[in-house]
Amino acid sequence: MSAATRQRLPAHIHRPIIYRTLMIAMSPHFSKGKSIATACALSLLATAALAQPNGGNIDARLKEEVIALGFKDGELPQLKPAFGNYVDAVQVGNMLYLSSAAPQAPDGTFVKGRVPDEVSPEKAMVAAKLACLRQIVRMKYVLGDLNRVKQIVYVRGKILSATGYTDQTRITDACSALYVAVFGDAGKHARTTDGTVAAPFGVTAEFETTVELKTQTDVVSEKK
């Protein structure tokens with residue numbers, strides 16, 4: 001499989017066990033010397049791996065992503081208080097509106113600097129994930145249970161950018177990938193990405209998020 005194809009795989013596919021299984025099943029040399037039964041079994045396992053984000057445990061998937069971002073023992077970051085006369089989240093009916101979140105590193109500091117001259121695009125992508133992780137922590141704090149999320153509806157990313165830099169969507173993609181890795185299909189969303197020459201406190205990125213919540217009818221339907 002080419003490097004370009006690997007990069008297009010969903011985030012959860014890169015988990016070691018799933019990734020190795022998928023590579024075996026997709027290898028053009030796989031069938032050589034193997035039984036049809038074994039080939040079918042591995043193909044089914046790879047298919048199940050592709051469907052993984054839509055089932056399973058949201059908290060377990062979140063913990064896996066948190067560990068990958070460098071948080072000790074998968075512990076969720078502590079939320080810092082709002083920096084102004086606003087609140088982190090407002091619920092209206094079955095919609096949850098989250099204020100912009102900036103990237104908070106495991107040591108509690110915020111990632112700052114312009115892309116790409118002060119912060120590389122690769123580091124900015126990590127910053128995007130850190131910012132969206134804060135949004136997920138906010139959801140958990142407000143809702144108590146992330147299974148109450150029906151759909152991540154809309155994301156707006158703002159990337160602190162040097163003049164002439166135009167690849168902001170690459171950075172926002174990292175945030176989108178985190179939502180999909182944690183929530184599966186429910187993490188797929190509409191979005192907007194803006195480049196900006198200045199940002200509050202000089203943070204590299206910030207993201208707004210709008211979430212649809214499950215109604216009581218949705219919960220009852222899931223239990224049937």
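**Salt bridges, a nonpolar core and an aromatic cluster**

In this structure, the side chains of E118 and R114 meet in a salt bridge, with 3.5 Å from N to O. The model is a predicted one. R114 has a relative accessible area of 29%, so it counts as partly exposed. These two residues do not stand alone: R114, D117 and E118 are linked in a network of salt bridges. Over the whole structure, a search finds 11 salt bridges.

Among the others is one between the side chains of R156 and D194, where the N to O distance is 2.7 Å. R156 belongs to strand β3 and D194 to strand β4, so this salt bridge ties together parts of the chain that are 38 residues apart in sequence. Both partners are partly exposed: R156 has a relative accessible area of 30%, and D194 has one of 23%.

A further salt bridge joins the side chains of K140 and D59, at 3.3 Å from N to O. K140 sits in helix α5 and D59 in helix α4, and the pair links distant parts of the chain, 81 residues apart. With a relative accessibility of 25%, K140 counts as partly exposed. D59 is partly exposed too, at a relative accessible area of 33%.

Helix α4 also holds I58. What does I58 touch, leaving aside residues up to four places away in sequence? Its contacts are L146, N147, V182 and F183. The relative accessibility of I58 is 11%, and I58 counts as buried because that value is under the 20% limit. I58 and D145 are 87 residues apart along the chain, while their C-alpha atoms are separated by 9.5 Å.

From here the text turns to the interior. In soluble globular proteins, nonpolar side chains tend to be buried together. The largest nonpolar core of this model has 37 residues, and the members that touch the most other members are I136, M139, Y179, F183 and F207. Two or more residues of this core come from each of α4 (58-68), β2 (95-101), α5 (121-143), β3 (149-160), α6 (168-183) and β5 (205-213). The element that gives the most is α5, with 10 residues. For I136, the contacts beyond four places in sequence are L62, L146, L178, Y179, V182 and F183.

Helix α6 can be examined in its own right. How far apart are the ends of α6? The helix has 16 residues, so at 1.5 Å a residue it should span 22 Å; its end C-alpha atoms are 23 Å apart, which agrees. Many positions along α6 can be picked out as buried, namely Q168, I171, T172, A174, C175, S176, L178, Y179, A181, V182 and F183. The elements that cover these buried residues include α4, α5, β3, β4 (190-196) and β5. After α6 comes G184, which has a positive phi, near 65°.

Aromatic side chains form another set of links. Searching the whole structure gives two aromatic pairs. In one of them, F83 and F110 have ring centres 6.0 Å apart and planes at 70°; the pair is edge-to-face because that angle is over 60 degrees. F83 is in the loop between α4 and β1 (89-92), and F110 is in the loop between β2 and α5, so this pair links distant parts of the chain, 27 residues apart. F110 is buried, at a relative accessible area of 18%.

The other pair, F83 with F201, is tilted, with 5.2 Å from centre to centre and 50° between the planes. F201 is in the loop between β4 and β5, 118 residues from F83 in the loop between α4 and β1, and this pair too links distant parts of the chain. Is F201 buried or exposed? F201 is exposed, with a relative accessible area of 57%. Taken together, F83, F110 and F201 form one aromatic cluster.

Confidence in the model is the last topic. The average pLDDT of the protein is 83, and 75% of the residues score at least 70. Over residues 3-26 the pLDDT falls below 50, and this stretch has 37 contacts in the model beyond near neighbours in sequence. Residues 29-55 also have a pLDDT below 50, and for that stretch the model has 29 contacts beyond near neighbours in sequence.

Definitions and conventions:
Residues are numbered from 1 along each chain as its sequence is written. This is a predicted model: local features need pLDDT of at least 70, side-chain atom pairs count only at pLDDT 80 or more; totals for chains, interfaces and linings use all residues. Side-chain values use heavy atoms; hydrogens and water are left out. A nonpolar core is a set of buried Ala, Val, Leu, Ile, Met, Phe, Trp, Tyr and Cys residues joined through side-chain atoms within 4.5 Å. Buried means under 20% relative accessible area, exposed over 50%, partly exposed in between (1.4 Å probe, protein chains only). Helices (H or I, at least four residues) and strands (E, at least two) are DSSP runs, numbered from the N terminus. Contact means heavy atoms within 4.5 Å. The expected span of a helix is 1.5 Å times one less than its number of residues. Rings of Phe, Tyr and Trp (its six-membered ring) pair if their centres lie within 6.5 Å; planes under 30 degrees apart count as stacked, over 60 as edge-to-face and the rest as tilted. pLDDT is the predictor's confidence in each residue, from 0 to 100. A salt bridge is a side-chain nitrogen of Lys or Arg within 4 Å of a carboxyl oxygen of Asp or Glu.
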